[in-house]
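Here is a short set of exercises with worked solutions, to be done with the model open beside you. Try each task yourself before you read on.

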Amino acid sequence: MGEPAVTRVLVVDDQDLIRAGLAAILRATPGFSSVLETADGETAVTMAAEHHPDVILMDIRLPGMNGITTTERILAQRTSPAPKIIVLTTFDTDEYVYGALRAGSCGFLLKDIPPDRLIAAISAIRSGDMLFAPSVTRRLIEAYAPRPGEAARRPESLHQLTVRETEVLRLVGKGLANDEIAHELYVSEATVKTHIHRTMHKLDLRSRAQAVVTAYETGLVVPGGAR
């Protein structure tokens with residue numbers, strides 16, 4: 001067997017105690033080859049380009065350039081593979097978190113998360129999973145997504161999707177996991193994964209969370225609608 005995968009992490013938080021605490025937890029855990037820190041967004045953009053972290057823990061409410069803009073700029077650099085960005089927040093229903101998910105972050109964590117759950121979350125995000133229960137995702141997005149009648153017309157980019165890809169995106173938006181989508185559509189889970197991969201490539205989406213936001217903002221899923 002080969003060596004276990006190692007993870008490079010960048011911690012971005014202007015609160016020294018929180019940043020140092022998160023970094024100390026990661027440095028004390030096997031499997032993390034590099035843990036870097038910074039207190040501001042501008043430096044985070046530079047460090048992401050220079051050090052190519054696998055995962056970035058991003059404070060959402062940074063002074064100056066906030067976490068949303070910092071996320072956008074880091075992902076716009078188009079490094080390959082792009083880092084997985086996890087938003088750090090104090091509230092699980094935060095307008096800023098919605099903006100960060102829309103910008104392409106993979107999920108969010110509350111700042112008081114226990115150490116074992118922090119490690120598990122980073123492992124999950126590296127594997128391509130979402131960090132939070134669909135119910136939490138849905139509650140957050142429904143709080144800030146456009147209401148019926150407010151959304152703009154469906155963008156031309158959505159017309160690139162096949163009928164089946166559109167249906168899969170709708171079910172992703174409703175919070176269904178891959179196995180649930182497979183059961184709903186009577187296809188294999190591998191087929192679902194293929195549809196999701198193609199959909200995200202066509203729509204230039206960087207995370208499953210961003211796909212959920214897109215499903216709401218394009219009207220495929222209506223806030224308050226039944227699952």
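**Exercise 1. A salt bridge with a buried partner**

Let us begin with E165, which is buried, with a relative accessible area of 3%. Bear in mind throughout that this is a predicted model.

Task: find the residue with which E165 forms a salt bridge, and say where the two partners lie.

Solution.

Step 1. Look for the partner. E165 forms a salt bridge with K202, and the closest N and O atoms are 2.8 Å apart. The cut-off for such a pair is 4 Å, and this distance falls within it.

Step 2. Place both residues. E165 belongs to helix α7 and K202 to helix α9, so the salt bridge ties together parts 37 residues apart in sequence.

Step 3. Check the exposure of the partner. K202 has a relative accessible area of 28% and is therefore partly exposed, whereas E165 is buried.

**Exercise 2. The surroundings of α7**

Task: list the buried residues of helix α7 and name helices that cover them.

Solution.

Step 1. Go along the helix, residues 163–173. The buried residues are E165, T166, V168, L169, L171, V172 and G173.

Step 2. Look at what lies over them. The cover includes α8 (178–185), α9 (189–203) and α10 (208–217).

Step 3. See what comes after the helix. α7 is followed by G175, which has a positive phi, near 95°.

**Exercise 3. Two helix packings compared**

Task: describe how α7 packs against α9 and against α10, using angle, axis distance and contact residues.

Solution.

Step 1. Choose the descriptors. Two packed helices are described by the angle between their axes and by the distance between those axes.

Step 2. Take α9. Its angle with α7 is about 95°, and the axes are 9 Å apart. Angles of 65 to 115 degrees count as roughly perpendicular, so α7 and α9 are roughly perpendicular to each other.

Step 3. Name the residues that meet. On the α7 side they are R164, E165, V168, L169 and V172, and on the α9 side H195, I196, R198, T199, K202 and L203. By class, this contact has five nonpolar, two polar and four charged residues.

Step 4. Take α10. Here the angle with α7 is about 100°, with the axes 8 Å apart. α7 and α10 are therefore roughly perpendicular to each other too.

Step 5. Name the residues again. L169, V172 and G173 of α7 are in contact with R208, A211, V212, A215 and Y216 of α10. This contact divides into six nonpolar, one polar and one charged residues.

**Exercise 4. Two more salt bridges**

Task: decide how far apart in sequence the partners are in the pairs K111 with D13 and R19 with D16.

Solution.

Step 1. Start with K111 and D13. They form a salt bridge whose closest N and O atoms are 3.1 Å apart. K111 sits in the loop between β5 (107–110) and α5 (115–126), and D13 in the loop between β1 (7–12) and α1 (16–27); the pair links distant parts of the chain, 98 residues apart.

Step 2. Check burial for this pair. Buried means under 20% relative accessible area; K111, at 19%, therefore counts as buried, and D13, at 0%, is buried as well.

Step 3. Turn to R19 and D16. Their closest N and O atoms are 3.1 Å apart in a salt bridge. Both residues lie in helix α1, three residues apart, about one turn of the helix.

Step 4. Check burial here. R19 is buried at 12%, whereas D16 is exposed at 51%.

Step 5. Widen the view. D16, R19, R27 and E37 are linked in a network of salt bridges, and the structure holds 11 salt bridges.

**Exercise 5. A residue in a strand, then the whole protein**

Task: say whether T7 is buried or exposed, and find what it contacts beyond its sequence neighbours.

Solution.

Step 1. Locate T7. It is found in strand β1 and is buried, with a relative accessible area of 9%.

Step 2. Leave aside neighbours within four places in sequence. T7 is then in contact with G31, F32, S33, S34, D54, V55, I122 and R126.

Step 3. Zoom out. The protein has 10 helices and five strands, and 48% of its 227 residues are buried. Among contacts between residues at least 6 apart in sequence, 68% join residues at least 24 apart.

How values were computed: Residues numbered from 1 in each chain as written. Predicted model: local features only at pLDDT ≥ 70, side-chain atom pairs only at ≥ 80, totals over all residues. Heavy atoms only, no water. Buried < 20%, exposed > 50% of the residue type's maximum accessible area, 1.4 Å probe, protein only. Helix = DSSP H or I, 4+ residues; strand = E, 2+ residues; numbered from the N terminus. Contact = heavy atoms within 4.5 Å. Axes fitted to C-alpha atoms, helices over the stretch in contact; angles between N-to-C directions. Parallel < 35°, antiparallel > 145°, perpendicular 65-115°, else oblique. Nonpolar A, V, L, I, M, F, W, Y, C, P; charged D, E, K, R; others polar. Salt bridge = Lys/Arg side-chain N within 4 Å of Asp/Glu carboxyl O.
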